[in-house]
2 protein chains.
Amino acid sequence: MILDAARARFAKEGYAGATIRKIAGDAGVDAALVMQFFGSKDELFGAVMSITPNALSHFSDSFVGPEHSLGERVTRAFFEVWEGDPEDSEPLMAMLRAAISNEQATSLLREFIQARLAKALIGRLPNDHAATIRAGVASSMLVGLIVGRRIVKVPALVGEDTESLIGIIAPAVQAILSGEDDT
Amino acid sequence: MILDAARARFAKEGYAGATIRKIAGDAGVDAALVMQFFGSKDELFGAVMSITPNALSHFSDSFVGPEHSLGERVTRAFFEVWEGDPEDSEPLMAMLRAAISNEQATSLLREFIQARLAKALIGRLPNDHAATIRAGVASSMLVGLIVGRRIVKVPALVGEDTESLIGIIAPAVQAILSGEDDT
DNA sequence: TAACGAACTCAACTTGCGTTGAGTTAATTG
DNA sequence: CAATTAACTCAACGCAAGTTGAGTTCGTTA
């Protein structure tokens, strides 16, 4: 399937690195066919980028439960999606990689962090300005960990299993979401 | 100056996006001259990427002081460097942007997070395995905030002034560095 | 079985890139 | 002033990319 090949390539090599010819090759097909189906590389990319319903519900579910363990549930859900089924994580990875070099991807990732994650959170927390900001901060921090672990491959993060990381990160996420600050 | 133009372009547009022709144009010079000076695009990029001594000492200094405000000092130093003098922040931005698509940049950023930041931290904390990991986690989280604020431009982060963000983030960084976890 | 349309290939075009080598200006120095 | 070197431009190469249009296979349907 062309879409599968495209998703994997965009996730691994970013927007510029993934060429139509390579994607077509992976799918055992001529590059011109990809063009006929999707019109352009941009449109193919748009078709690939998405947040799967499964990933979304995973995030949403994590907000249900006692507040004292909110940070841990959110952190765990985040890792489960980003390091779980490629079907769910590859579109996210494609967005993240491409967001650095492609404007279209940037706005999609922006919408993901802001609208989706924040909206899911706001139902569970005071729906005010501060909650939105805290949601944005927590999301960006968690994305930063994915960047470190999966893209930059910081040894300290790569060599650690998910549970240990969650043990370290969860309290920090909790601190942000529950709003114990200095101001 | 060619190096100034290159630094700005790499920081704004990443490795692939910044072309030799555009850099040469910014510097009011022919592309061929850039080649004669630096040999190749890779070497030009290598000449641009760096952590300035000023940025480094900024980070180091932030570890000096009482432990209960360590998180706040580190967070503040981080923002001061990344949002301060372009002379210091642009090479970092160039590294970060390029790290997604260029292998050479990936290892440089890896070294930055691991060797430099972590090493500076380890002098101040128990020099064990756990401290290295905590340093990696904190660094990646902070980088994630830069990604959100400066690259993806998440509205919640862009619209907030630095001090408010530090107030939210510092306790989380403190939680990670001081080691109050769940395990 | 004939015909139609979808799925697909082939060869080529265009553009922009990094890069090169030969040539030109400008500055330095003996 | 002559000459050597450094700073620089020009025109072009080769390549890989996205894209195109004409042609081909092939399964479905009348």
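**Entry 1: Terms and model**

I count Ala, Val, Leu, Ile, Met, Phe, Trp, Tyr, Cys and Pro as nonpolar, Asp, Glu, Lys and Arg as charged, and the others, Gly among them, as polar. I also note that the model under study is predicted.

**Entry 2: The surface near DNA strand D**

I applied these classes to the surface near DNA strand D and found 8 nonpolar, 5 polar and 4 charged residues. In total, 17 residues surround DNA strand D, and the closest are R21(A), M35(A), K41(A), D30(B) and A32(B). I then looked at the atoms of DNA strand D that come within 4 Å of the protein, and sugar and phosphate account for 45% of them.

Which residues place polar atoms beside DNA strand D? I recorded a polar backbone atom of K41(A) at 2.8 Å from a phosphate oxygen of the strand. For D30(B), a backbone N or O atom lies 2.6 Å from a phosphate oxygen. With Q36(B) the partner is a base: an N or O atom in the side chain is 3.1 Å from a base nitrogen of DNA strand D.

I next listed the elements that give two or more residues to this surface: α2 (20–26) and α3 (31–38) of chain A, together with α3 (31–38) of chain B. Of these, α3(B) gives the most, with 4 residues.

**Entry 3: The surface near DNA strand C**

I repeated the search for DNA strand C. There are 17 residues around it, of which D30(A), A32(A), R21(B), M35(B) and K41(B) come nearest. Sugar or phosphate makes up 45% of the atoms of DNA strand C within 4 Å of the protein, and the rest belong to bases.

I found a polar backbone atom of D30(A) at 2.5 Å from a phosphate oxygen of DNA strand C. A polar backbone atom of K41(B) is 2.7 Å from a phosphate oxygen of the strand. A base nitrogen of DNA strand C lies 3.1 Å from a polar side-chain atom of Q36(A). The elements that contribute two or more residues here are α3 of chain A with α2 (20–26) and α3 of chain B. The largest share, 4 residues, comes from α3(A). By class, I noted 8 nonpolar, 5 polar and 4 charged residues near DNA strand C.

**Entry 4: The contact of chain B and chain A**

I turned to the contact between the protein chains, which takes 42 residues from chain B and 42 residues from chain A. The two chains bury about 3,700 Å² between them, and 76% of this area is on carbon and sulfur atoms. I noted that I100(B), M141(B) and I168(B) supply 18% of the area that chain B buries against chain A, more than any other three residues.

How many salt bridges cross this interface? The rule finds 0 salt bridges, and the count of residue pairs in polar contact is also 0, with both residues required to have pLDDT 80 or more.

On the side of chain B that touches chain A, the elements giving two or more residues are α7 (86–99), α8 (103–122), α9 (129–151), α10 (155–158) and α11 (162–178). The largest share, 12 residues, comes from α9(B). I sorted this side into 23 nonpolar, 10 polar and 9 charged residues.

**Entry 5: The relation of the two copies**

I superposed chain B on chain A by a rotation of 180° with 0.0 Å of shift along its axis, at an RMSD of 0.1 Å. The two copies are therefore related as by a two-fold rotation axis. I found that 100% of the contact residues of chain B recur in chain A, and the same surface serves both copies. Of the residues of chain B, G144(B) comes closest to the rotation axis, with its C-alpha at 1.7 Å.

How values were computed
Residues numbered from 1 in each chain as written. Chains lettered and ligands numbered in written order. Predicted model: local features only at pLDDT ≥ 70, side-chain atom pairs only at ≥ 80, totals over all residues. Heavy atoms only, no water. Contact = heavy atoms within 4.5 Å. Buried area = accessible area lost by both parts, 1.4 Å probe. Salt bridge = Lys/Arg side-chain N within 4 Å of Asp/Glu carboxyl O. Polar contact = N/O pair within 3.5 Å; in protein donor to acceptor, adjacent residues only side chain to side chain. Near = heavy atom within 4 Å. Least-squares fit on C-alpha atoms with pLDDT ≥ 70 in both.
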